[in-house]
Amino acid sequence: MKIKNLLLGIGLILTIAGCSKKDLSEPSVTPPTDTTKTPPVNPPPAPAPYSITEDFEQGTKTAYAAADVTLSTGSWNFNDAVIGNLAADLKDGLKSVRLRAGDIAMNFDINGLTTLYIKHGKYTGADKPSAWQLLMSADGGKTYTQVGSDINETNTTLVTDSFKVSTTGKVRFEIKKVGTTTDRINIDDITFKGTGDPGIVVGTPDDGSGDGDSDSGNPSGSAPRDVTAGADAPPASGDNSNLLFGNPSNAQNNIASSDNYLIDQKYYTESYNATKGEPNWVSWHLDATNTTNASPRGDDFAGWAGLPSSMYMVVTANYTNSGFDRGHNCPSADRTSSTGANDATFLMTNIIPQAPNNNEHTWANMENYLREQVVEGNEIYIIMGSYGTGGTGKNGAANTIDNGHINVPSNVWKVAVIIPAGNGDLSRVTASTRVIAVNTPNVNNINSDWTKYIVTVKDIETATGYTLLSSLPANVRAALEVKLDAGIPGA
């Protein structure tokens, strides 16, 4: 009995051991998945933080009249404010907001904001300290409430203030001057910090040409066209006329004078050089009626349909890949009173091949400064021209572009006579009248400070052979010819 039980036990052990071995001749079978079990659920990731800065480098606004401006963060409304790039503007970079007695406000909302940072300071001219407020709207701009206390602006360098935002959801902001004083402040680098999706896309604005009128915008250009002059065009003679101070080169409107060909484009007058494919000089008058922002920048570069058929017509495509900007003589921003006025500045007879940094920085800074003088209550008679051959663009040095059809000038110059707004302009010019003369090399490694290139009117006359300000009495003209302007007061 014991032996029988022992044999049964041994047999059972062998059976169990045999079953535990894997038969390599049989395919491996994966057991079915137990679908009754619920996999662990991972918590959603925390909203990512964001930091977005509006630095005002991508926009252009040169007049104080209220208007919307497209910036890198979106559309902003500027009321009694400009985007300034003068030496007197406090700025981190090339540009900042110069706010006078109005406000700047976002035309868009931002989500998930926790903190707002703003750089600010007092405009460094003769302006006195003033105050401003930060306002916030949570209903799309219908109503605003103040964030924090009034900021008394006494800072002569940019400082940064932070503002906590406790409201959840969409918000937008307005920066508003307190009171009616016209003492100016600068605002720069508004930084939004928060978490999640801010709901805005940061990028270069669609209208991103600088005030220096670069070669961006409508590269194909418009078909040749003429000037459509309206009631806003300067008069043909007398006060405010383009040639009130004289015809510097005695230009004539006949084919025999094709390299000193007088063209009246109504909104400016010029001497055109058919051989060089560019103007010798352009003359115009500037006052507050010319910069009302009634028309946006057109960017519709086009050949002039009135050019005699014997002359080579320059079109915008002739500048493509040249390394030089299509540099305006009479700037686009000096003629915003109507579409016709602005369109006139985009005729290629008003354009020269200009080194990008010369055009977009040095000359843009001077143009802005002159328009600022108009805002201060002055009117200005301006003559701008170029001479010589050989400049340096972003592709290097060149004497011509467009297979030799267009001369690249070596120098770009300007003379501006500044007088208080009024009547009887010639008779009001005296030996003490402010006259600014500037002569810059047409190169890309130029200083952005135009005051570094101040010369005398006589210096420009010697370089060009022209007779400037010839309509003035001889004694007044002689005194103004040798005056060397001091540059930006208080800078």
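Student: Helices (H or I, at least four residues) and strands (E, at least two) are DSSP runs, numbered from the N terminus. How many of each does the chain have?

Tutor: The chain has 6 helices and 25 strands. This is a predicted model, in which local features need pLDDT of at least 70, side-chain atom pairs count only at pLDDT 80 or more, and totals for chains, interfaces and linings use all residues. Residues are numbered from 1 along each chain as its sequence is written, and side-chain values use heavy atoms, with hydrogens and water left out.

Student: What share of the residues counts as buried?

Tutor: Of the 491 residues, 51% are buried, that is, under 20% relative accessible area with a 1.4 Å probe and protein chains only, while exposed means over 50%.

Student: And the contacts, what share joins residues at least 24 apart?

Tutor: The share is 73%, taken among contacts (heavy atoms within 4.5 Å) between residues at least 6 apart in sequence.

Student: Let me pick leucine 99. Where does it sit, and is it buried or exposed?

Tutor: Leucine 99 belongs to strand E4. It is buried, with a relative accessible area of 0%.

Student: What does leucine 99 touch?

Tutor: Leaving aside residues up to four places away in sequence, leucine 99 touches Asn79, Asp80, Ala81, Ile104, Ile175, Lys177, Asp183, Arg184 and Ile185. In addition, leucine 99 and lysine 176 stand 77 residues apart in sequence and 8.5 Å apart in space, C-alpha to C-alpha.

Student: Changing topic, how many cavities are there?

Tutor: A search of the whole structure gives 4 cavities of 30 Å³ or more. A cavity is a set of points on a 1 Å grid where a 1.4 Å probe fits but cannot get out, and its lining residues have an atom within 4 Å of a point. Volume is the space filled by probe spheres set on the points.

Student: How much space is in the largest one, and what lines it?

Tutor: The largest cavity holds about 70 Å³. Its lining consists of Lys61, Thr62, Tyr64, Val82, Ile83, Gly84, Asn85, Arg98, Asn368, Arg371, Glu372 and Val375. Strand E3 (75-84) and helix H3 (356-375) are the elements giving two or more residues to this lining, and H3 has the largest share, 4 residues.

Student: What about the second largest cavity, which residues line it?

Tutor: That cavity, of about 50 Å³, is lined by Trp76, Ile104, Met106, Leu116, Ile118, Leu134, Phe173, Glu174, Ile175, Ile190 and Phe192. At least two lining residues come from each of strands E4 (96-106), E5 (113-122), E9 (172-177) and E10 (185-195). The largest share, 3 residues, is that of E9.

Student: Now helix H6. Which of its residues are buried?

Tutor: In H6 (residues 474-481), Val476, Arg477, Leu480 and Glu481 are buried. Seen down the helix axis, these residues fall within an arc of 130°, so they line one face of H6; the arc is that of the directions from the axis to the C-beta atoms.

Student: Which residues are exposed on the other side, and what covers the buried ones?

Tutor: Ala474 and Asn475 are exposed on the other side of H6. The cover over the buried residues includes strand E24 (434-441) and helix H5 (457-464).

Student: Last one, threonine 269: buried or exposed?

Tutor: Threonine 269 is buried, with a relative accessible area of 6%, and it lies in strand E13 (residues 269-273). Not counting residues up to four places away in sequence, threonine 269 touches Asn242, Leu243, Leu262, Ile263, Asp264, Trp281, Val282 and Ser283.

How values were computed:
1 Å grid on protein atoms, 1.4 Å probe; cavity = no way out; pocket = protein on both sides within 12 Å on 5 of 7 lines; lining within 4 Å.
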